There are 4 protein chains.
Amino acid sequence: MTIRMLTAGESHGRAIMAIIEGIPAGLVVNAEDIDAELARRQKGYGRGARMKIETDFVRILSGVRHARALGSPIVMYVHNMDWNNCKPLMSPVSVDLDGTILEKPRPGHADLAGLMKYGVKDFRDILERASARETAGRVAAGAVCKELLSIFGILVQSYIVQIGGVCADIKSIPKDKLFSKAEESPVRCPDKVASEKMISLIKKAGAKGDTLGGKFVVKISNVMAGLGSHTQWDLKLDARLSQSLMSIQAIKAVEIGEGVNFAALNGSISHDEIFYNSKKGFFRNTNRAGGIEGGMSNGSPIEITCSMKAIPSLAKPLRSVNIISKKAQRAQAVRSDVCAVPAAAVVAEAAAAFEIARALKEKFGGDCIEDMKKSVQAYKARLKTL
Amino acid sequence: MTIRMLTAGESHGRAIMAIIEGIPAGLVVNAEDIDAELARRQKGYGRGARMKIETDFVRILSGVRHARALGSPIVMYVHNMDWNNCKPLMSPVSVDLDGTILEKPRPGHADLAGLMKYGVKDFRDILERASARETAGRVAAGAVCKELLSIFGILVQSYIVQIGGVCADIKSIPKDKLFSKAEESPVRCPDKVASEKMISLIKKAGAKGDTLGGKFVVKISNVMAGLGSHTQWDLKLDARLSQSLMSIQAIKAVEIGEGVNFAALNGSISHDEIFYNSKKGFFRNTNRAGGIEGGMSNGSPIEITCSMKAIPSLAKPLRSVNIISKKAQRAQAVRSDVCAVPAAAVVAEAAAAFEIARALKEKFGGDCIEDMKKSVQAYKARLKTL
Amino acid sequence: MTIRMLTAGESHGRAIMAIIEGIPAGLVVNAEDIDAELARRQKGYGRGARMKIETDFVRILSGVRHARALGSPIVMYVHNMDWNNCKPLMSPVSVDLDGTILEKPRPGHADLAGLMKYGVKDFRDILERASARETAGRVAAGAVCKELLSIFGILVQSYIVQIGGVCADIKSIPKDKLFSKAEESPVRCPDKVASEKMISLIKKAGAKGDTLGGKFVVKISNVMAGLGSHTQWDLKLDARLSQSLMSIQAIKAVEIGEGVNFAALNGSISHDEIFYNSKKGFFRNTNRAGGIEGGMSNGSPIEITCSMKAIPSLAKPLRSVNIISKKAQRAQAVRSDVCAVPAAAVVAEAAAAFEIARALKEKFGGDCIEDMKKSVQAYKARLKTL
Amino acid sequence: MTIRMLTAGESHGRAIMAIIEGIPAGLVVNAEDIDAELARRQKGYGRGARMKIETDFVRILSGVRHARALGSPIVMYVHNMDWNNCKPLMSPVSVDLDGTILEKPRPGHADLAGLMKYGVKDFRDILERASARETAGRVAAGAVCKELLSIFGILVQSYIVQIGGVCADIKSIPKDKLFSKAEESPVRCPDKVASEKMISLIKKAGAKGDTLGGKFVVKISNVMAGLGSHTQWDLKLDARLSQSLMSIQAIKAVEIGEGVNFAALNGSISHDEIFYNSKKGFFRNTNRAGGIEGGMSNGSPIEITCSMKAIPSLAKPLRSVNIISKKAQRAQAVRSDVCAVPAAAVVAEAAAAFEIARALKEKFGGDCIEDMKKSVQAYKARLKTL
């Protein structure tokens with residue numbers, strides 16, 4: 001069965017939750033491993049007050065027994081500490097409130113479009129679900145997927161390459177140090193000098209009530225060739241990864257490999273020539289394609305760059321209109337981060353891990369880890385005979 | 001019922017086909033309208049010999065009676081003229097061939113990954129389906145979707161902004177002339193000067209046996225607010241459009257609105273402030289978001305930029321390895337285009353039209369045009385009361 | 001967006017949960033209404049010890065604010081009281097148990113097949129999810145769907161027609177009394193005499209350590225014509241209802257209208273002739289088809305009969321084999337009901353309500369109740385002009 | 001990737017088609033094998049005039065090269081000979097007809113419900129797709145699935161057990177002769193005496209302008225344990241098979257194993273006790289469950305009984321109403337079969353084969369036959385160690 005995943009929960013409701021099913025039985029699932037990913041998501045210089053309230057940890061409500069996946073749906077529950085402050089506001093039960101509603105939609109958010117679509121008066125009914133707090137659920141589900149991938153040696157990692165106008169100098173850093181250095185940086189940027197500039201930029205933006213966007217890379221290493229398929233538009237791995245990554249709040253561009261740079265390159269220098277030796281088998285010396293050719297993984301690392309817009313919840317709000325009075329007013333001020341690019345990169349790892357795990361399950365089947373392992377081994381053995 | 005679409009067919013097989021279902025009954029469907037889109041896909045300076053063999057036209061095999069959709073699955077069949085030259089090679093029946101197979105996979109194509117995944121010896125078994133000729137099917141299905149959208153005033157259009165190193169100067173062209181000018185240009189570029197430079201660039205590249213990529217914009221006008229949804233990762237309109245567009249052969253980047261430019265922008269200048277007057281209702285003076293906020297259309301035009309890599313079938317082939325002998329050899333030379341960016345833009349219109357039609361059907365339902373119209377009217381009337 | 005529903009949770013785990021999405025915003029959702037359905041599921045003469053431990057009630061964890069659906073995923077949580085007695089046994093965390101595992105699979109249950117499929121040693125890993133306690137989640141989701149249907153006057157109801165060898169005399173009961181009488185009966189059977197015989201039969205079976213199956217009818221009233229579709233195999237309403245109902249634990253037959261009786265009937269007496277008068281429009285005097293023709297609702301009530309096998313958890317267990325020793329042994333004795341047919345009928349109402357709600361949403365769209373209402377009204381108005 | 005299948009085509013349109021994807025590369029696909037199944041569908045005493053016009057054979061339009069599946073979508077095209085007689089009537093192009101439309105909907109058919117749903121005037125627009133001629137597509141796709149299953153020794157077969165009031169005496173026939181005897185019978189009934197009575201019954205019904213229904217069994221042999229899953233309602237194998245079989249035109253009841261008989265049986269005699277010996281491993285001496293426990297195949301043959309209503313196209317039509325005049329009239333007389341139960345059984349084999357193939361692919365993965373085989377072998381080897 002394919003892997004399916006849904007999230008649920010409002011930002012100031014009781015909890016953010018994820019349900020994931022199709023995880024092979026026998027996979028080791030520990031709350032601590034998931035919590036470690038949740039903690040990575042909460043970090044990053046530039047996060048706002050909410051992250052001071054929350055210290056996310058997961059409660060596994062189903063699908064895991066004695067630290068092993070049962071093969072049944074896994075529900076992960078991340079409590080919103082802020083719920084304690086918001087109970088009447090967000091109660092599932094009818095409550096006698098003073099009738100205060102949010103009336104000044106924030107440009108760049110789901111507020112206005114959602115209010116129109118769903119016919120609600122108070123755009124809190126929209127923003128509570130549109131909020132990027134939802135991504136706690138995706139990170140929890142992604143952590144389980146990462147665990148599954150790790151059995152096959154597949155790693156999903158990320159690093160920041162740009163925040164606002166500051167770009168990192170990635171080429172000067174040894175490839176095998178990129179992630180360890182990113183993990184050490186308060187903004188997940190492996191370039192130490194750029195890292196410091198980014199922090200100072202965030203400080204300045206914060207002081208002005210402004211926010212910042214940026215750019216990051218997600219890298220999936222040790223993926224076998226053959227995930228995804230060229231045979232149908234909705235089976236292509238790059239297309240599925242794009243959906244998954246573009247669905248992350250505030251992501252506005254997804255690039256595979258050289259991405260937008262391809263537009264300017266001639267064909268003679270756009271592709272990854274093919275080589276062979278008896279030890280490595282077929283191999284490439286370049287990876288412009290970002291590990292995907294014809295909608296399939298080609299055995300090189302998958303590399304994707306995502307661009308994120310600056311968070312639209314500004315301490316110094318933008319011009320808007322009061323929904324009721326129709327008068328021009330500044331948008332609702334809502335507590336927010338100055339820069340969430342480092343967090344978004346961690347979310348993107350989770351989203352990518354989910355898609356790779358799904359593609360893996362579809363290709364290899366296997367209701368338990370043992371069966372899946374055998375199926376993968378047989379495939380790899382066949383490839384060696386090529 | 002939601003709209004579903006699959007394509008089928010090999011590049012040199014009997015035909016390329018598309019099946020689309022969920023189109024409301026009563027929609028006017030004429031082969032000529034579809035053929036006009038197929039012709040737009042075939043045009044473009046830089047296309048190769050294949051386009052001289054083919055003059056695509058559709059045969060509607062099912063789902064349409066007396067020029068009206070029945071509500072049942074519509075199968076569209078586009079014959080491959082080249083099939084007549086390839087019958088033994090591509091026969092569904094066992095044939096006594098001399099055993100010649102394709103042995104030198106082309107970097108940048110599905111050839112090698114597909115050969116590994118599907119366990120085939122002759123990578124013709126892969127390239128025949130991976131070929132962008134498949135997009136004739138998507139264009140046919142997209143033409144039907146465009147027809148549906150046109151009932152609601154929704155237009156899906158495209159123009160080229162870059163080919164190789166040549167960029168168009170889009171800002172100097174009046175917005176309402178962009179598409180008429182693009183249609184007149186042999187490379188679908190509204191900037192006449194750039195257009196000529198592009199043509200000369202293509203000529204030069206062709207002379208060297210090289211190929212070119214580029215960049216184009218897809219614009220969807222007159223979309224009502226509220227398509228897509230912020231409530232679940234796989235319902236977001238931007239994410240679905242990204243999957244659809246990234247699934248087009250050789251597309252390597254998808255940007256919504258300002259796209260990659262967002263990374264460098266502060267929040268204070270990243271969003272589209274909200275205004276109101278009694279005539280227009282709520283409106284924006286900018287469209288940095290590209291018409292989508294929180295995974296929903298916001299009423300502004302949807303604008304997406306796609307980057308395409310140069311075609312990997314080169315007249316002067318890249319280095320590769322012979323699958324059988326494992327010796328270093330140049331890749332298989334395969335007849336191809338020098339530049340297919342203009343064609344890809346037309347395909348992208350079709351892919352986008354499909355996603356918008358799908359989102360429309362999911363939001364408004366309607367098994368016949370009359371019912372769908374009433375549902376849309378009632379919605380628009382409600383929005384006016386806001 | 002279509003309505004999606006997944007359940008999660010193990011029988012003695014922390015909770016049974018359901019996630020349902022696509023419910024239009026603005027629908028009134030009260031925990032009490034859901035609890036009333038959960039209580040109906042728990043009732044029924046013949047239920048076992050577990051139902052004495054549990055008094056199910058729902059906690060709505062997401063998707064509802066101030067008693068109104070937000071349009072976002074609704075998570076419903078039903079706590080397992082028995083969890084308190086089973087914490088170490090079912091803990092998601094590794095626990096030092098004595099290593100006792102379930103070794104004697106029960107014929108008629110998922111135990112043995114599941115153990116093979118999922119490669120587990122202890123078939124508790126299977127039975128915990130296979131248990132019909134899962135249906136608490138479906139009943140909770142179904143209660144929300146019933147609420148949605150009620151807005152359009154659609155009712156989903158059930159009554160028992162057979163338990164073991166005792167058949168009810170349904171024809172002698174006025175149609176409009178069937179459900180009120182069923183609700184009064186401890187076995188949900190509207191025929192009072194049969195009802196008493198059923199109870200006495202259950203008593204006897206229980207005393208012998210045996211169990212009982214039976215048969216019930218689900219009736220969906222006031223459905224408009226046109227749900228489902230004849231155009232594709234997987235869109236047919238009868239087929240979807242069959243999947244949904246057959247997926248309920250222990251259901252082994254689904255009949256639409258006359259069902260198995262059709263086999264013996266000539267065509268001249270198998271169908272529902274069509275009549276017309278200006279007041280009713282088109283109507284029928286019979287309903288042999290059970291309200292579905294050509295995979296679509298035809299405006300008559302939908303009537304489905306389900307047959308349920310006797311519960312395979314017997315106080316006097318059947319012959320089995322010890323998984324470890326391979327010796328012939330009696331199956332594991334597991335606490336269970338003597339007869340759960342009345343409960344299964346309530347679950348079937350929920351399953352049917354889900355499918356009808358899903359078909360309704362697909363046909364009419366509507367992100368909020370107001371929009372959906374208008375779409376339905378316009379459709380009904382059009383039908384009146386026929 | 002999972003196996004997907006859609007059909008298309010109108011009864012008197014150009015063709016009936018099926019598209020199936022996800023079939024592993026390398027599977028041998030011959031048109032003759034498919035044609036043999038199409039011929040089985042056309043046979044059966046009681047078929048009408050249409051079957052004299054048509055001699056169905058398939059053209060494989062895509063997805064197969066040199067008699068081997070490519071792993072890409074397979075389109076199968078079955079030409080409607082009757083199309084030659086119906087071109088203006090069914091033309092996809094606007095045609096100047098005399099305006100004759102079908103006005104008298106047939107009870108028991110999609111005619112009236114479809115006309116309402118799709119807002120059409122002429123119910124030919126509905127019946128053309130609702131017609132059971134569509135099943136030619138399913139049989140073609142099912143033939144490919146059967147080919148895939150045969151590699152793993154899995155057989156899908158059927159036999160008729162009842163036509164009208166005549167029931168076969170199945171118990172007196174050796175199990176291994178059931179299908180060979182069914183194949184020899186003009187009504188696919190293995191009981192020769194009953195077979196003759198059925199034929200004579202059909203003769204009589206035909207003479208009276210009446211039609212007949214019946215009952216048949218589909219049996220799937222040599223299925224490994226573990227297809228389907230108990231973990232989620234929509235993954236259960238029995239539920240999926242029910243959807244697939246109930247979606248066949250005129251099928252009104254689906255029973256798994258003992259089916260409706262279970263209602264009357266005590267638990268002590270309802271299940272299949274478990275035995276073991278070192279040669280067979282775990283085994284059963286009975287198969288009341290029909291090969292499915294807990295939504296999973298259990299290693300016993302899967303046995304399903306379907307009941308079919310008599311065809312509602314009667315030579316002596318039923319009472320109906322003229323759609324335009326609203327006057328009571330006899331329903332439209334449409335050429336039809338007297339009894340199509342034998343044909344429906346062949347269609348049911350195809351529908352079941354599709355679901356089993358789909359479940360197999362989901363469990364074992366495998367993009368080519370070689371990979372799938374290894375995955376199945378490893379699983380079977382693991383089961384032997386139990």
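Contact, in these legends, means heavy atoms within 4.5 Å, and the model on which every view is based is a predicted one.

**The interface between chain B and chain C, drawn with the residues that each chain brings to the contact.** The contact takes 27 residues from chain B and 27 residues from chain C. Of the interface residues of chain B, 100% are also interface residues in chain C, so the copies meet through the same surface. The size of an interface is often given as the accessible area lost when the parts come together; for chain B and chain C this buried area is about 2200 Å², with 47% of it on carbon and sulfur atoms. Within chain B, the residues M1(B), K363(B) and R382(B) supply 28% of the area that this chain buries against chain C, which is more than any other three residues supply. Across the interface of chain B and chain C, 6 salt bridges are found, and one of the pairs joined by a salt bridge is D371(C) with R382(B), whose closest N and O atoms are 2.7 Å apart.

**The axis relating chain B to chain C.** Two copies of a chain are related by a rotation about an axis and a shift along it. Here a turn of 180° and a shift of 0.0 Å along the axis lay chain B on chain C with an RMSD of 0.0 Å, which is the relation of a two-fold axis. In chain B, the C-alpha nearest this axis belongs to G365(B), at 2.2 Å from it.

**The axis relating chain C to chain D.** Chain C can likewise be laid on chain D, with an RMSD of 0.0 Å, by a turn of 180° and a shift of 0.0 Å along the axis. The C-alpha of Q243(C) is the one in chain C that is nearest the axis, at 2.4 Å from it. Both copies use the same surface, in that 100% of the contact residues of chain C recur in chain D. Q243(C) is also one of the buried residues of helix α9(C). This helix, which spans residues 237–246 of chain C, is mostly covered, with 10 of its 10 residues buried; among them are L237(C), D238(C), R240(C) and M246(C).

**The open sheet of chain B and the helices that lie on it.** The 4 strands of the sheet follow the order β1-β2-β6-β3 in chain B and pair in the antiparallel sense. Its edge strands are β1 (4–8) and β3 (58–62) of chain B, each of which pairs on one side only. Neighbouring strands of this sheet are turned by 20° against each other on average, direction ignored. Between strand β2 (residues 15–21) and strand β6 (residues 74–79) of chain B there are 6 bridges, and A15(B) stands opposite H79(B) in β6(B). Helix α1 (residues 31–42) of chain B lies across β3 and β6 of chain B and runs at about 135° to β3(B). Helix α6 (residues 135–151) of chain B packs on the sheet as well, touching β1, β2 and β6 of chain B, and its direction makes about 35° with that of β2(B).

**Strand β2 of chain D and its partners.** Since 7 of the 7 residues of strand β2 (residues 15–21) of chain D are buried, this strand is largely enclosed by the rest of the structure. In a regular strand the side chains alternate between the two faces of the sheet. In β2(D), A15(D), M17(D), I19(D) and E21(D) point one way, whereas I16(D), A18(D) and I20(D) point the other way, and all are buried. Strand β1 (residues 4–8) of chain D is joined to β2(D) by 5 bridges in an antiparallel arrangement, with R4(D) opposite E21(D). These two strands, β1(D) and β2(D), form a hairpin with 6 residues between them, and G9(D) in the turn has a positive phi of about 115°. β2(D) also pairs in the antiparallel sense with strand β6 (residues 74–79) of chain D, over 6 bridges, and here A15(D) stands opposite H79(D).

**The surroundings of R41(D) in helix α1 of chain D.** R41(D) belongs to helix α1 (residues 31–42) of chain D. Buried means under 20% relative accessible area, and R41(D) is buried because its relative accessible area is 3%. Leaving aside residues up to four places away in sequence, R41(D) touches residues including R47(D), D56(D), R133(D), T135(D), V139(D) and V346(D).

Notes. Residues are numbered from 1 along each chain as its sequence is written. Chains are lettered from A and ligands numbered from 1 in the order in which they are written. This is a predicted model: local features need pLDDT of at least 70, side-chain atom pairs count only at pLDDT 80 or more; totals for chains, interfaces and linings use all residues. Side-chain values use heavy atoms; hydrogens and water are left out. Buried means under 20% relative accessible area, exposed over 50%, partly exposed in between (1.4 Å probe, protein chains only). Two strands pair if DSSP finds at least two bridges between them. Axes are lines fitted to C-alpha atoms, for helices over the stretch in contact, and angles run from 0 to 180 degrees between N-to-C directions. Copies are superposed by least squares on the C-alpha atoms of residues with pLDDT of at least 70 in both. Buried area is the accessible area (1.4 Å probe) that two parts lose on being put together, summed over both. A salt bridge is a side-chain nitrogen of Lys or Arg within 4 Å of a carboxyl oxygen of Asp or Glu.
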